[in-house]
Amino acid sequence: MARIDAWVAPAAGQKMEKQQIDLGPLGIDEVEVQVEHCGICHSDLSVLNNEWGNSLYPAVLGHEVVGTVTELGSAARGLKVGQRVGIGWTAGSCMHCRPCRSGDQHLCAEAAPTIIGHRGGFAQRVRAHWAWAIPLPENLSAADAGPLLCGGITVFNPLAMYARPTDRVGIVGIGGLGHLGIKFAAAYGCEVTAFTSSERKFDEARGFGAHRVVATRDSEALRKIAGSLDLLIVTANASLDWDAMLGTLAPKGRMHVVGAVLEPIPVSIFPLIMKQGSISASPTGSPVDIETMLDYSARHDVLPTTEHFPMSQINEAFEHLHAGKARYRIVLDADF
C-alpha cells in the first residue's frame with residue numbers, strides 16, 4: 001500500500017493538514033510500519049517552525065514511532081511482519097562509513113533524520129532502514145514507549161557513557177528530557193540533584209527520583225553544592241549561569257549538554273583546567289544503544305510521564321506543547 005493518510009505541514013509555522021501521500025515503492029533495505037502511537041518531541045516543533053534552518057516542506061513530522069511491521073524489503077534482516085518496533089530520530093544511515101562500521105551509526109554524515117527530507121510518523125505508516133526499526137520489549141508499554149526513542153536515548157546515553165551507580169549526577173531542566181534523565185539516573189543508583197527555574201516542579205522532581213532539587217536562579221543554593229557533582233546533564237535549551245553550573249562539578253567532573261542551546265556557551269576555562277573538568281555533548285544513539293535503553297527501561301520500569309491526544313487533534317497537541325503545558329511528553333494515538 002503506497003498511498004496513505006498523513007498529517008502534513010505545508011510550510012513553516014503552518015497548521016498540519018490531513019492529506020493522502022504516496023510513499024512509492026518499498027526499498028530493498030526498508031521496513032514499513034503501521035503506526036500505533038507517535039510521541040511529539042520539541043524537535044518536531046523546531047522543525048515545524050524551521051528554527052534550525054534545515055526544514056523541508058511539505059513535511060510529515062513525528063519521530064517517536066511505535067507500531068507493527070507490515071512489510072519487509074527483500075534485503076531487510078532480523079524483523080518479521082507483525083513485530084512491534086520503534087523508530088526514532090534516525091530512519092537510515094549509509095552503513096559503510098567508519099562511524100557506521102564502528103557501531104556509531106547515529107554519527108553517520110549521511111544519516112537520514114526521520115522528519116527532514118523523509119516522511120515521519122504522523123501518518124498511517126512510516127518507513128525506515130531495517131537496522132533503525134528497533135524491536136520493542138514485550139513487557140514495555142507500547143502506548144507510552146514512543147518518547148523513549150528520542151528523548152529517552154538522548155538522556156540515557158550520557159549516563160551509559162560517563163556515569164557509575166555511585167556517582168552524584170545533576171539534571172538541569174525538568175521537562176520532556178529532564179524528567180526522563182532523573183528517572184534513569186535514579187534507577188541506576190546515582191545520587192540525583194535536579195535543577196529547575198520553576199519552584200512548582202520541586203515536588204514532581206522528587207517524585208521522579210531526585211534526592212535534591214535546586215533552583216537555577218538561587219546563587220546561594222548553587223554555591224552550597226559547588227564542587228559536588230560528577231556528571232551534570234544539561235537538558236534545557238535556555239541560557240544559564242554557565243559559570244555557576246560548571247562550578248557545581250567535582251574534580252574530574254563533566255558537564256554534558258543534550259539540550260538544543262542555540263546560543264554560544266561562554267566558558268571560563270581556567271577553573272575548568274584546575275579541576276580537570278570536561279564539557280561534552282551528544283545527539284541520540286545507535287540502534288544498539290536504543291535497544292539497550294529499551295531493555296533497561298523494561299527491566300527497571302522507566303517510562304515517560306505522558307499525556308495522550310488522538311492524532312486527529314494533532315494541531316491542538318502542538319499548541320499544548322508550544323504553550324509549555326506538556327506534562328511531560330505528549331503521545332498521539334493513531335485514529336485514521
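Where is Lys 252 found? Select it to start the tour: Lys 252 sits in strand 14, which covers residues 249-257. Keep in mind as you go that this is a predicted model. The backbone here deserves a look, since Lys 252 is not a glycine and still has a positive phi of about 65 degrees. Show the surface as well: with a relative accessible area of 63%, Lys 252 is exposed.

Next, select Arg 254 together with Tyr 162. Arg 254 lies over the face of Tyr 162, at 3.8 Å from the ring centre.

**The aromatic cluster**

Now colour the aromatic side chains. The structure holds 6 aromatic pairs. One of them is formed by Phe 156 and Phe 184, an edge-to-face pair at 5.2 Å centre to centre with 65 degrees between the planes. This pair links distant parts of the chain: Phe 156 belongs to helix 3 (residues 151-162) and Phe 184 to helix 4 (residues 178-188), 28 residues apart. Are these two rings buried or exposed? Both Phe 156 and Phe 184 are buried. Add Tyr 296 to your selection, and you have a cluster of Phe 156, Phe 184 and Tyr 296 linked by ring pairs.

**Two helices against helix 9**

Select helix 9 (residues 287-300) along with helix 4. They pack at an angle of about 70 degrees, and their axes are 11 Å apart. Helix 4 and helix 9 are therefore roughly perpendicular to each other, and their crossing is left-handed. To see the contact, show Phe 184, Ala 187 and Tyr 188 of helix 4, which meet Met 293, Tyr 296, Ser 297 and His 300 of helix 9.

Swap helix 4 for helix 3. The axes of helix 3 and helix 9 come within 10 Å and cross at roughly 95 degrees, which makes helix 3 roughly perpendicular to helix 9. From helix 3, Gly 152, Ile 153, Phe 156 and Asn 157 take part, meeting Asp 289, Ile 290, Thr 292, Met 293 and Tyr 296 of helix 9.

**Helix 1 and the loop after it**

Move to Ser 46, in helix 1 (residues 42-48). At 4% relative accessibility, Ser 46 counts as buried. Leaving aside residues up to four places away in sequence, Ser 46 touches Glu 51, Trp 52 and Ser 55.

Then pick Asn 50, in the loop between helix 1 and strand 4 (65-72). Asn 50 has a positive phi near 55 degrees, although it is a residue other than glycine. Its relative accessible area is 29%, so Asn 50 is partly exposed.

Pro 58 is in the loop between helix 1 and strand 4. Check the peptide bond from Tyr 57 to Pro 58: this bond is cis, with omega near -5 degrees.

**Helix 10 and beyond**

Finally, select helix 10 (residues 314-322), where Ile 314, Asn 315, Ala 317, Phe 318, His 320 and Leu 321 are buried. What covers these buried residues includes strand 1 (3-8), strand 3 (30-40), helix 1, strand 16 (306-310) and strand 17 (329-333). Helix 10 is followed by Gly 324, whose phi is positive, near 75 degrees.

The last stop is Tyr 328, in the loop between helix 10 and strand 17. Arg 327 and Tyr 328 are joined by a cis peptide bond, with omega about -5 degrees. Turn on the side chains too: Arg 327 lies over the face of Tyr 328, at 5.3 Å from the ring centre.

Note on methods:
Residues numbered from 1 in each chain as written. Predicted model: local features only at pLDDT ≥ 70, side-chain atom pairs only at ≥ 80, totals over all residues. Heavy atoms only, no water. Phe/Tyr/Trp six-rings, centres within 6.5 Å; stacked < 30°, edge-to-face > 60°. Helix = DSSP H or I, 4+ residues; strand = E, 2+ residues; numbered from the N terminus. Buried < 20%, exposed > 50% of the residue type's maximum accessible area, 1.4 Å probe, protein only. Lys NZ or Arg CZ within 6 Å of the ring centre and 35° of its normal. Axes fitted to C-alpha atoms, helices over the stretch in contact; angles between N-to-C directions. Parallel < 35°, antiparallel > 145°, perpendicular 65-115°, else oblique. Left-handed = near helix turned anticlockwise from the far one by under 90°. Contact = heavy atoms within 4.5 Å.
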